Amino acid sequence: MLAALIVLLMRAVWRDLADRTISNRLNAVVALLAPVSWYVAGLSLWPDVALQIGLAAIVFGLFTAAFALRMMGGGDVKLLTALALWRVPLVPGEPMFAPLLSLLTIMALAGGILTIGMVVRHRRRKAPGQPEIPYGVAIAVGAVAAYGQRYFNQFG
């Protein structure tokens, strides 16, 4: 499942870098694969799946506010919401929202670095206006790092 998610995220990164869009179709595929991750993780419909959907609704609400303030694109909000639906295997005793918080934290750090780089590039080119930030890159970095941590970090 993680490999499929990484492939989808790399597609999102490619499109975001190329034309600053993340397609609704890609976001829908990420969201529609989430129930498979629920099944693999052994979630029960109540309360596990309900809580996962609730977390995604909270993410959607928070980042829709960022979209309304023109801080984020609509594709970014939809991709984050679709990723919030995913349930990854947890370390025993870890709260169910820990991977999502890791994703958001890593995404914010990667987004800050990306933004600084894009602003510097924009100013060096002396381009008019504000630079467009391909935030899908930061979202993908956050998702792969947070959701793949259990597989990539054999010492954690």
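**Close-up views of a predicted model**

**View 1. A pair of side chains one helical turn apart.** Arg 15 and Asp 19 sit four residues apart in helix α1 (residues 2-19), so about one helical turn separates them. This model is a predicted one, and here the side chains of Arg 15 and Asp 19 meet in a salt bridge, with 2.4 Å from N to O. Side chains of opposite charge can pair when their charged atoms come close. Arg 15 is partly exposed, at a relative accessible area of 27%, and Asp 19 is partly exposed too, at 36%. The count of salt bridges comes to one.

**View 2. The largest nonpolar core.** Welcome to the inside of the model. The largest nonpolar core has 44 residues, and Val 30, Leu 79, Leu 83 and Tyr 147 have the most contacts inside it. At least two residues of this core come from each of α1, α2 (24-41), α3 (45-68), α4 (74-85), α5 and α6 (136-152). Helix α6 gives the largest share, eight residues. To see some of these contacts, start from Leu 83: leaving aside neighbours within four places in sequence, Leu 83 is in contact with Leu 5, Leu 9, Val 30, Leu 103, Ile 139, Ala 143 and Tyr 147.

**View 3. Helices α4 and α5 packed together.** How do α4 and α5 run relative to each other, roughly parallel or roughly antiparallel? Their axes are 10 Å apart and make an angle of about 150°. Angles over 145 degrees count as roughly antiparallel, and α4 and α5 are therefore roughly antiparallel to each other. Their crossing is right-handed. On the α4 side, the contact is made by Leu 80, Leu 83 and Ala 84; on the α5 side, by Leu 100, Leu 103, Leu 104 and Met 107.

**View 4. Gln 52 and Trp 38, two residues in contact.** Look for Gln 52 in helix α3 and for Trp 38 in helix α2. Gln 52 is buried, with 3% relative accessibility, and Trp 38 is buried as well, at 13%. Not counting residues up to four places away in sequence, Gln 52 touches Trp 38, Ala 84, Leu 85, Trp 86, Arg 87 and Met 96. With the same neighbours left out, Trp 38 touches Leu 43, Val 49, Gln 52, Ile 53, Leu 85 and Arg 87. Tyr 135 lies elsewhere: Trp 38 and Tyr 135 are 97 residues apart in sequence, and their C-alpha atoms are 27 Å apart in space.

**View 5. Some backbone details to look for.** Between Trp 46 and Pro 47 there is a cis peptide bond, with omega of about 5°. Pro 47 belongs to helix α3. In the loop between α3 and α4 you will find Arg 70, which has a positive phi of about 65° although it is not a glycine. Arg 70 is exposed, at 78% relative accessibility. Lys 126, in the loop between α5 and α6, also has a positive phi, near 55°, and is a residue other than glycine. Lys 126 is exposed, at 73% relative accessibility.

**View 6. Leu 109 on helix α5.** Is Leu 109 buried or exposed? This residue of helix α5 (residues 98-124) has a relative accessible area of 58%, so Leu 109 is exposed. Gly 142 is 33 residues from Leu 109 along the chain, and 8.7 Å separates their C-alpha atoms.

Conventions
Residues numbered from 1 in each chain as written. Predicted model: local features only at pLDDT ≥ 70, side-chain atom pairs only at ≥ 80, totals over all residues. Heavy atoms only, no water. Buried < 20%, exposed > 50% of the residue type's maximum accessible area, 1.4 Å probe, protein only. Salt bridge = Lys/Arg side-chain N within 4 Å of Asp/Glu carboxyl O. Core = buried A, V, L, I, M, F, W, Y, C linked by side-chain atoms within 4.5 Å. Contact = heavy atoms within 4.5 Å. Axes fitted to C-alpha atoms, helices over the stretch in contact; angles between N-to-C directions. Parallel < 35°, antiparallel > 145°, perpendicular 65-115°, else oblique. Left-handed = near helix turned anticlockwise from the far one by under 90°.
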